[in-house]
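Reader: I am new to this structure and would love a close look at a single part of it. Could you pick one helix, walk me through it slowly, and then show me a few other places that help me read the rest?

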Amino acid sequence: MRRLNFNSITALTALTAVLISGYFISDSGQTSATQTKAGGGNVLAAKARQLAKQNGLIRAVQAGAADADSFDTALFAEEPQSQADDALQNQSVEQLLETIESFSLQDKPNEEIRDSKEFQQLLYLLTSDPLARKGLLERFMSVSGTPWGDTLSLALAMSVVGRETPEVKAAATQLLRSGTAEQRLNALQMLGQVDGNDGNIRSALLDILRNDADANPKLATAAMATLSQKGMVSQEDYQAVADAIVPLAHSQDPQVRQSSLQILSQWAGRDATALQTFTEAAYDADARVRALAVAALGQGGFDYQSVRDTLISTLQNPAEASYVKAAAQQALEVFPLDEQALTIYQVYASESLSQQSSAGFN
């Protein structure tokens, strides 16, 4: 018997896109040498603006705006790109940093600083000049953990997109091992675009998760976001990650619980421990945690009978949030349903479609 297929998962899609995204957006566009000289700063500025939009959406989710319709669509609007002033193109990194630092001393918002022409031009110079990047890294290490260090860590992160940068990895690892909480947050931001699967970095991240998650949920969440960007690893490495992540699914902080489920899912764990963790989280007090959990149960690899009752229970719960039910509906679509489950699925899908249609006429 064929199953009905309805796309009523807009809210879940928005939520999942936020939670599984990294901190930074890579850029694959190429320009000619002339175009790069004239507008290279603007190319990188577009990424800075996208980062600001992404962070805004993350803050909206963390504040409880779980309904996709409540997200400000302006976050995704394209902004016009201005040409860098001729004078700026002739300024050195040192001159640009002096101006940008003056913005910080004037208490200008970080978003305004990062969207300034001076910051755009700085990104262009750092991208094209390894020596300038090395000098900025040295300066960053002397001010890490401060608001100025936060600005410099972002500039460094965006200047190493797609590059092997052992000096950045080494500096970040040093801060992760022995820095203050704020210094480690700066280091994690700086690692946002570093490629590769570095065992030293992963080890430092796992130490943070084992030792600091309860005391500093913000740091733990940032560490997990960085961990999520690492590539394929051995079974032994996976087990080390799983052992550090699974306990965080029971954290008192809902954002830590959300991040732990997302990481566990990304690391492709489909063993009994992962199944139990996702199943328990499907009944979490936080709706966003439940949405991630039921979505993970349908991502493949789990036996239908092991997830069936949890997904059906979610779908039939009259008090459940609509986007959590939508996640359960989507999860069920990957399985060959038995007659009872298929009937429940069809009833829910029909009711959901009817509600959407009615809302469209209001």
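Author: Happily! Half of the chain is a good starting point: of its 362 residues, 50% count as buried, where buried means under 20% relative accessible area, exposed means over 50%, and partly exposed lies in between (1.4 Å probe, protein chains only). This is a predicted model, in which local features need pLDDT of at least 70 and side-chain atom pairs count only at pLDDT 80 or more, while totals for chains, interfaces and linings use all residues. Residues are numbered from 1 along each chain as its sequence is written, and side-chain values use heavy atoms, with hydrogens and water left out.

The chain has 19 helices and 0 strands; helices (H or I, at least four residues) and strands (E, at least two) are DSSP runs, numbered from the N terminus. Its exposed surface comes to about 17,100 Å², and carbon and sulfur atoms supply 50% of that; such areas come from the Shrake-Rupley method with a 1.4 Å probe, and for residues only the protein chains shown count as cover. Among contacts between residues at least 6 apart in sequence, 71% join residues at least 24 apart, a contact being heavy atoms within 4.5 Å.

Now for the close look, at helix H14, residues 254-266. At 1.5 Å a residue, its 13 residues should span 18 Å, and the end C-alpha atoms are 18 Å apart, so the two agree; the expected span is 1.5 Å times one less than the number of residues. Because 11 of the 13 residues are buried, H14 is largely enclosed by the rest of the structure. The buried residues run from Gln-255, Val-256, Arg-257 and Gln-258 through Ser-259, Ser-260, Leu-261 and Gln-262 to Ile-263, Leu-264 and Ser-265.

Look next at the N-terminal end of H14, which Asp-253 caps: one of its side-chain oxygens lies 2.9 Å from the backbone nitrogen of Gln-255.

H14 also has a helix to pack against. Two packed helices are described by the angle between their axes and the distance between the axes. The axes of H14 and helix H15 (residues 272-281) come within 11 Å and cross at roughly 145 degrees; axes are lines fitted to C-alpha atoms, for helices over the stretch in contact, and angles run from 0 to 180 degrees between N-to-C directions. On the H14 side, Leu-261, Leu-264 and Ser-265 make the contact, and on the H15 side Ala-274, Thr-277, Phe-278 and Ala-281 do. H14 passes H15 in a left-handed crossing, meaning that the near helix is turned anticlockwise from the far one by less than a right angle (clockwise would be right-handed).

With that picture in mind, try another pair. Helix H4 (residues 93-105) and H6 have axes that come within 9 Å and cross at roughly 145 degrees, and this crossing too is left-handed. Val-93, Leu-96, Leu-97, Thr-99, Ile-100 and Phe-103 in H4 meet Glu-118, Phe-119, Gln-121, Leu-122 and Leu-125 in H6. H6 is mostly covered, with 9 of its 12 residues buried.

One residue to follow here is Glu-118, found in helix H6 (residues 117-128). At 17% relative accessibility, Glu-118 counts as buried. Not counting residues up to four places away in sequence, Glu-118 touches Leu-88, Leu-96, Thr-99, Ile-100 and Phe-103.

After H4 comes a loop worth a glance. Asp-107 sits in the loop between H4 and helix H5 (110-114), and counts as exposed at 69% relative accessibility. Most residues other than glycine have a negative phi. The phi of Asp-107, however, is near 60 degrees, a positive value in a residue other than glycine.

Finally, visit helix H17 (residues 304-316), where Arg-308 is found. Arg-308 is buried, with a relative accessible area of 12%. Its side chain is joined to that of Asp-338 by a polar contact of 2.7 Å, and to that of Gln-340 by one of 2.9 Å. A polar contact is a pair of N or O atoms within 3.5 Å; within protein, one must be able to donate a hydrogen and the other to accept it, and residues adjacent in sequence count only if both atoms are side-chain atoms. Leaving aside neighbours within four places in sequence, Arg-308 is in contact with Asp-338, Gln-340 and Ala-341. Gln-305 is also found in H17, but counts as exposed at 54% relative accessibility.
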